[in-house]
Amino acid sequence: MTQPIYLTRDIRRIETAAGDVVPALMERAGAAAAELAAQLLSDRGKDVLVLAGPGNNGGDARVVARLLQERFFRVHLATKPAEIPSGMRWGLVVDGLFGIGLAREISGEYAALVDFAYSQSCPVLALDIPSGLDSDTGRVLGRAVRATHTITFIALKPGLLTRDGPDYCGTISVATLGLDVARLLAPGGWVADHAMFANLLKPRPRNFHKGQAGSVAILGGAAGMTGAALLAGRAALKLGAGRVYVGLLDREAPGVDFGAPELMLRHPDEALGMEIDALVVGPGLGQGERAETLVAAALASEIPCVLDADALNLIAANEDLRRACSRHPADTLATPHPAEAARLLGVQTAKVQEDRVAAAQGLSRELSAHVVLKGAGSIIAARDGHWFVNTSGNPGMASAGMGDVLAGILGALLAQKLTGEAALVLGVHLHGCAADDYSRSGTVVGLTAGETIDPARAIWNRWLEGR
């Protein structure tokens with residue numbers, strides 16, 4: 001089942017709505033954490049250090065300490081650095097210093113406790129969220145515990161999944177504490193997963209032809225950047241588009257892509273004039289006057305459109321294009337990385353990264369588009385206000401051309417008549433899964449964009465077959 005995600009303020013609303021159950025929540029949280037701690041402590045001869053802070057998180061930690069002691073583990077509870085015995089070899093450290101809602105940098109003796117936990121080589125179990133990590137944004141507040149495992153209570157929070165969260169949380173498990181969370185408060189965010197669109201994923205009938213698979217036009221490929229448009233075209237082909245036209249701006253562009261001769265290479269005006277079901281504008285587009293004209297023509301059409309790379313930079317610099325984007329009558333998908341998002345919002349990149357969920361939602365409203373803010377834990381903001389965090393993918397995707405492949409995948413899904421929201425969630429999640437599939441060997445260095453296309457095709461076919 002798709003996992004909901006809640007902001008801190010919504011977790012507080014859930015706790016309020018739970019009413020009389022609230023006094024029992026600390027005991028339930030401690031019991032769930034103690035059970036996981038016991039599993040991590042396979043050798044009962046090892047000592048456990050429990051770090052307890054001043055608030056509810058510290059209360060959870062004290063319950064964990066008590067329950068582990070009842071199971072005959074040797075437990076040391078510390079609220080100050082001076083309480084930690086020297087020379088001990090800990091089997092587990094439990095971080096119960098600070099939970100969700102922390103809004104300031106940790107200082108003083110608590111900072112020393114965080115640093116101590118960070119320095120340990122044994123497993124570290126964080127309660128709710130690693131201390132020092134902002135639960136809404138994933139931003140490290142000066143310093144944070146780097147956990148090997150995090151047990152989060154009631155529901156997932158975005159800070160666990162985006163920005164610095166994936167590097168600090170380790171393996172995440174959720175303890176709902178016996179609450180029917182969705183009944184108490186309907187979620188606005190979810191973990192991106194193909195299962196949420198299972199009703200749209202069906203194998204093609206035998207009686208099927210390429211016209212039913214839709215046609216895509218890719219507009220881009222200025223001088224020195226034709227490879228970007230060709231990568232997008234290849235991805236669109238292999239993800240099921242019936243026809244793919246690639247309109248290349250480079251006047252010396254090749255007439256055929258020998259790596260994918262099925263692509264129909266055209267002048268951009270000719271590609272735009274074909275009978276097409278989806279447009280992808282931006283891969284290798286450049287920022288000249290001709291590129292600006294193509295973006296305007298795409299936004300003046302009634303064709304679903306993917307806006308990537310320089311198309312976004314042109315919109316950021318041109319108020320007329322921005323207005324045209326907001327008025328585009330068909331589904332519009334925008335795929336900025338943080339620097340592109342910053343240009344569109346008129347802020348510094350660091351401001352975008354401070355609150356990635358808010359930035360993605362703000363862009364979605366500004367452009368009247370479905371937006372993915374790419375990065376660790378890509379944020380997908382649908383035009384209706386719903387949002388998703390994608391957890392697939394790995395650092396190997398920090399490679400040139402990855403955005404071009406994603407844009408091509410999205411174009412193919414739009415051409416096959418998926419809605420904009422479904423296409424964006426499925427496409428982003430699929431692309432990350434493809435990179436993960438390719439990297440099962442254990443290495444994520446040297447992965448090229450083109451190497452994600454065939455795994456994406458294989459995974460997509462498995463999804464269509466219900467596997």
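**Salt bridges, sheets and a helix crossing**

R74 counts as partly exposed, since its relative accessible area comes to 43%. The structure in question is a predicted model, and R74 is a handy place to start reading it. The partner of R74 is D47: the two form a salt bridge, and their closest N and O atoms sit 2.9 Å apart. D47 belongs to strand β2 and R74 to strand β3, so this pair ties together parts of the chain separated by 27 residues in sequence. D47, for its part, has a relative accessible area of just 9%, which puts it under the 20% cut-off, so D47 is buried. In other words, a buried acid meets a partly exposed base in this bridge.

The strands that carry this pair belong to an open sheet. Six strands make up that sheet, in the order β3-β2-β4-β5-β6-β7, and they pair in the parallel sense. The edges are taken by β3 (74-78) and β7 (171-175); each has a single partner strand, so one side of each goes without a neighbour in the sheet. From one strand to the next, the twist averages 20 degrees. Further in, β2 (residues 47-52) runs parallel to β4 (residues 90-96), and six bridges join the two. Within that pairing, L51 faces D95 of β4. Helix α3 (residues 56-70) packs on this sheet and touches β2, β3, β4, β5 (124-127) and β6 (149-153), with its direction at about 160 degrees to that of β2. Helix α4 (residues 108-119) also packs on the sheet; it touches β2, β4 and β5, and its direction makes about 145 degrees with that of β2.

Back to charges for a moment. Side chains of opposite charge can pair when their charged atoms come close. The count of salt bridges for this model comes to 23. Some of these link up: E27, R66 and E70 are joined in a salt-bridge network. E27 is part of helix α2 (residues 22-40), and at 36% relative accessibility it counts as partly exposed. Setting aside neighbours within four places in sequence, E27 contacts V63, R66 and L67. So R66 shows up both in the contacts of E27 and in the network.

A second open sheet has eleven strands, ordered β1-β8-β17-β16-β15-β14-β13-β12-β9-β10-β11, and here the pairing is mixed. This time β1 (4-5) and β11 (264-266) hold the edges, each with a single partner strand, so one side of each lacks a neighbour in the sheet. Strands β9 (residues 215-220) and β12 (residues 278-281) pair in the parallel sense over four bridges. I218 has V280 as its bridge partner in β12. Helix α7 (residues 226-238) lies across β9, β10 (243-248) and β11, at about 170 degrees to β10. Helix α9 (residues 289-300) packs on the sheet too, touching β9, β12 and β13, and its direction is at about 155 degrees to that of β12.

Two more salt bridges involve this later stretch of the chain. K374 pairs with D308, with 3.7 Å between the closest N and O atoms. That bridge links distant parts of the chain, 66 residues apart: K374 comes from the loop between β15 (370-373) and β16 (379-381), and D308 from the loop between β13 (305-307) and α10. Both K374 and D308 are buried. The other bridge joins E366 and R322, whose closest N and O atoms are 3.0 Å apart. E366 lies in helix α14 (residues 356-367) and R322 in helix α11, so the pair ties together parts 44 residues apart in sequence. E366 is partly exposed, at 41% relative accessible area, whereas R322 is buried, at 12%. For a sense of scale, R322 and E27 are 52 Å apart in space, C-alpha to C-alpha, and 295 residues apart in sequence.

R322 also leads to a helix crossing. The axes of α10 (residues 310-317) and α11 (residues 319-327) come within 5 Å and cross at roughly 110 degrees. That puts α10 roughly perpendicular to α11. On the α10 side, the contact is made by L314, I315, A316 and A317; on the α11 side, by E319, L321, R322 and C325. Sorted by class, this contact has six nonpolar residues, two charged ones and no polar ones. R322 thus takes part both in the helix contact and in the salt bridge with E366.

How values were computed. Residues are numbered from 1 along each chain as its sequence is written. This is a predicted model: local features need pLDDT of at least 70, side-chain atom pairs count only at pLDDT 80 or more; totals for chains, interfaces and linings use all residues. Side-chain values use heavy atoms; hydrogens and water are left out. Axes are lines fitted to C-alpha atoms, for helices over the stretch in contact, and angles run from 0 to 180 degrees between N-to-C directions. Angles under 35 degrees count as roughly parallel, over 145 as roughly antiparallel, 65 to 115 as roughly perpendicular and the rest as oblique. Contact means heavy atoms within 4.5 Å. Ala, Val, Leu, Ile, Met, Phe, Trp, Tyr, Cys and Pro count as nonpolar, Asp, Glu, Lys and Arg as charged, and the others, Gly among them, as polar. Two strands pair if DSSP finds at least two bridges between them. A salt bridge is a side-chain nitrogen of Lys or Arg within 4 Å of a carboxyl oxygen of Asp or Glu. Buried means under 20% relative accessible area, exposed over 50%, partly exposed in between (1.4 Å probe, protein chains only).
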